[in-house]
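This report describes how the strands and helices of one protein chain are arranged and where empty space is left between its atoms. The reader is invited to keep the structure in view while reading.

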Amino acid sequence: MRDEDPPERVLRGVSLRAGQGEFIALLGRTGAGKTTLCLSFNGLVPQATGGVIRGRVLVRGRDTRRFPPASFARDVGMVFQDPESQLFQLTVEDEIAFGLENLGVPSDEIDRRIDWALSLVGMEGFRRRSPRQLSGGQMQRIAIAAALAPRPAMLVLDEPTAHLDPRGKAEVFQTLDRLRHTLHTTTIMATQDIEWIARGASRLAVLREGQITSWDVNEWPSHGVRTLCEWGVGAPQIARLVSALRPASPNAHRLPLTVPEAARILSPARWRSRGSHPSSSSPAAPSPRPIVTIERLSFAYPNGVRALVDVSLRFHAGEYIALVGPNGAGKSTLARLIMGLLRPTEGRVQVRGHDTQVTPVPRLAHIVGYAFQNPDHQIFASTVREEIAFGPQNMGWPAQDVQKAVDEMLGRFHLESLADVPPAVLGYGLRRKVAIAAIAAARPDVLILDEPTGGLDWATANELLDFLDELNDRGTTVVLITHEMTIVAERAQRSIVLVDGQMIFDGTPRELFSRPDVLEAASLYSPPVTRLAYALNAPPEVSPVLTVDEFLRAWAGGPHHER
């Protein structure tokens with residue numbers, strides 16, 4: 001907030017109690033105040049952020065307004081939404097050791113704690129790597145390890161899984177579950193990851209219009225699904241499916257949240273007769289000349305880490321491509337090479353026939369737009385309006401066309417009220433929206449988005465994806481780097497899988513989710529509804545089922561409509 005801005009009330013009379021060993025998932029729309037609430041648990045709000053706080057926050061009986069944030073280091077471990085803002089040491093082991101040294105932990109114990117924390121997040125071989133040389137998902141794992149190492153009584157995590165691959169998410173939730181049962185660690189996690197928290201949390205707390213509503217995760221009837229979707233938070237795919245299959249009522253029994261639970265409820269399986277295979281999502285016929293050509297591409301960073309090895313690809317106009325793979329697979333590196341921000345070690349990249357080795361980045365930017373995984377690598381202007389206007393202005397558009405594009409993006413992303421606010425002071429999710437709006441405003445022929453839905457609520461993410469569908473229908477080539485397999489299944493026409501810098505798969509999403517060997521190699525999981533169909537022995541003419549609608553069409557009797 002700027003000094004000239006009037007005070008804005010973020011939280012209104014919020015009351016929340018967290019018991020020892022409890023896991024509370026904090027949900028809410030982008031900008032609902034989740035980060036503000038998280039930062040209040042160790043006094044960073046208001047001591048570091050400014051502002052006025054009424055009421056009080058007590059941690060082990062101590063008022064967070066009356067003690068410095070550092071004094072809560074043994075009690076509260078904090079993982080911020082942006083891992084880069086938290087990591088500052090030269091090596092991973094120094095990063096984890098820093099907090100332990102400040103707490104006076106003996107050196108031999110520090111060494112053991114480093115190994116222990118890294119093993120919990122699957123980063124054992126990275127002790128001497130620089131955090132700055134890691135992918136966004138790998139940095140997130142290190143930030144979590146650094147928070148775990150002091151073994152605090154309470155962990156506060158702000159979107160800790162937003163940039164993790166599916167297996168990494170599973171490991172984080174398994175770790176938190178072990179900590180709850182072995183060390184009785186209390187966990188509060190702000191998240192949009194509704195699929196995972198439904199299986200890991202003991203209680204849900206939803207922030208809406210500055211106020212909080214909470215309920216036990218075991219009390220999730222059909223009307224709860226409707227409510228969460230109306231609030232823009234969304235509900236787990238399995239709960240939405242089963243809710244559609246049976247009538248909802250205020251007294252409905254608890255809905256299943258996991259595949260095994262749903263399989264028990266829906267057995268015996270009732271699939272339609274042969275010939276009911278859902279229509280495949282297939283790409284349109286490619287244009288004769290590719291818009292991006294990648295030939296025998298390899299790339300190594302100055303420290304010797306080989307990020308890409310002998311990759312050959314072609315992107316055509318109008319394709320919708322999902323680029324997937326585990327953290328550190330080389331996805332973001334490939335995007336930067338296409339943009340000309342990096343230069344190939346071997347091979348070449350051509351964009352509309354322009355070799356990126358010799359073509360200036362501004363010229364390539366007329367053809368390819370790239371929204372970074374971290375919006376702070378991209379935003380720089382004094383206001384949101386100026387940020388969005390920069391691309392069209394830089395391309396020499398007439399003033400009236402620039403204004404029209406800015407107004408369109410402000411409206412499309414619901415940023416009108418923030419048009420004259422510096423983007424740097426906005427929350428992480430809002431900064432991400434601004435960054436994407438700024439790239440889309442220039443209407444590039446190819447739009448590459450790196451984890452664009454990370455940190456966005458369910459409703460906002462779907463608004464963004466609907467916008468990308470519209471651009472794709474108008475001929476824009478969309479390349480989506482994502483770990484969200486439901487998005488791949490529901491939206492993409494083509495899926496490309498990278499593992500250890502090598503391409504191991506290139507085909508349709510339906511083909512991908514028919515390949516358990518590829519999914520295992522890439523640390524990926526099928527969408528819950530796909531796994532449920534397999535668990536219920538869906539016949540070959542139906543499998544793999546990719547979406548809730550496909551499941552409902554293939555399931556005998558179809559959905560039961562609410563009365």
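A residue is called buried when its relative accessible area is under 20%. The model discussed here is a predicted one.

**The six-stranded sheet**

By the definition of burial, strand S6 (residues 186-190) is mostly covered, since five of its five residues are buried. In a regular strand, the side chains alternate between the two faces of the sheet. The residues of S6 can be read in this light: Thr-186, Ile-188 and Ala-190 point one way, Thr-187 and Met-189 point the other way, and all are buried.

S6 belongs to an open sheet of six strands, whose order is S4-S5-S6-S1-S7-S8 and whose pairing is mixed. At the edges stand strand S4 (76-79) and strand S8 (211-216), each of which pairs on one side only. On average, neighbouring strands of this sheet are turned by 15° against each other, with direction ignored.

Several of the pairings can be followed strand by strand. The table lists three parallel pairs, together with one bridge pair, or one pair of residues standing opposite each other, for each.

| Strands | Sense | Bridges | Residue pair |
|---|---|---|---|
| S4 and S5 | parallel | four bridges | Val-76 and Met-154 |
| S5 and S6 | parallel | five bridges | Asp-158 and Ala-190 |
| S1 and S6 | parallel | four bridges | Ile-24 and Ile-188 |

Two of the residues already met in S6 thus return as bridge partners: Ala-190 is the partner of Asp-158, and Ile-188 is the partner of Ile-24.

Helices accompany this sheet. Strand S5, helix H6 (residues 166-182) and S6 make a right-handed β-α-β unit. Helix H5 (residues 136-148) lies across S4 and S5, and its direction is at about 175° to S4.

**The four-stranded sheet**

Another open sheet has four strands in the order S10-S9-S12-S13, and its pairing is antiparallel. S10 and strand S13 (354-355) each have a single partner strand, so one side of each is left without a neighbour in the sheet. Within the sheet, strand S9 (residues 292-300) and strand S12 (residues 346-351) run antiparallel and are joined by five bridges. One example of a bridge pair is Ser-298 with Glu-346, the latter lying in S12. Helix H11 lies across S9, S10 and S12, running at about 120° to S9.

**Pockets and cavities**

Rolling a probe the size of a water molecule over the atoms shows where empty space is left. The second largest pocket has a volume of about 930 Å³. Its lining comprises 44 residues, of which Gln-133, Leu-134, Ser-135, Gly-136 and Gln-138 are the closest to its centre. Elements from both sheet regions take part: H5, strand S10 (306-315) and helix H11 (331-339) each supply at least two residues of this lining.

How many cavities of 30 Å³ or more are there? The count comes to two. The largest cavity holds about 50 Å³ of space. Its lining consists of Arg-412, Phe-413, Lys-433, Thr-460, Glu-463, Leu-464 and Phe-467. Helix H16 (residues 458-473) gives the most to this lining, with four residues.

Notes. Residues numbered from 1 in each chain as written. Predicted model: local features only at pLDDT ≥ 70, side-chain atom pairs only at ≥ 80, totals over all residues. Heavy atoms only, no water. Pairing = 2+ DSSP bridges. Axes fitted to C-alpha atoms, helices over the stretch in contact; angles between N-to-C directions. Contact = heavy atoms within 4.5 Å. Buried < 20%, exposed > 50% of the residue type's maximum accessible area, 1.4 Å probe, protein only. Right-handed = clockwise from strand over helix to strand, strands pointing away. 1 Å grid on protein atoms, 1.4 Å probe; cavity = no way out; pocket = protein on both sides within 12 Å on 5 of 7 lines; lining within 4 Å. Points joined across faces, edges and corners; volume = space filled by probe spheres on them.
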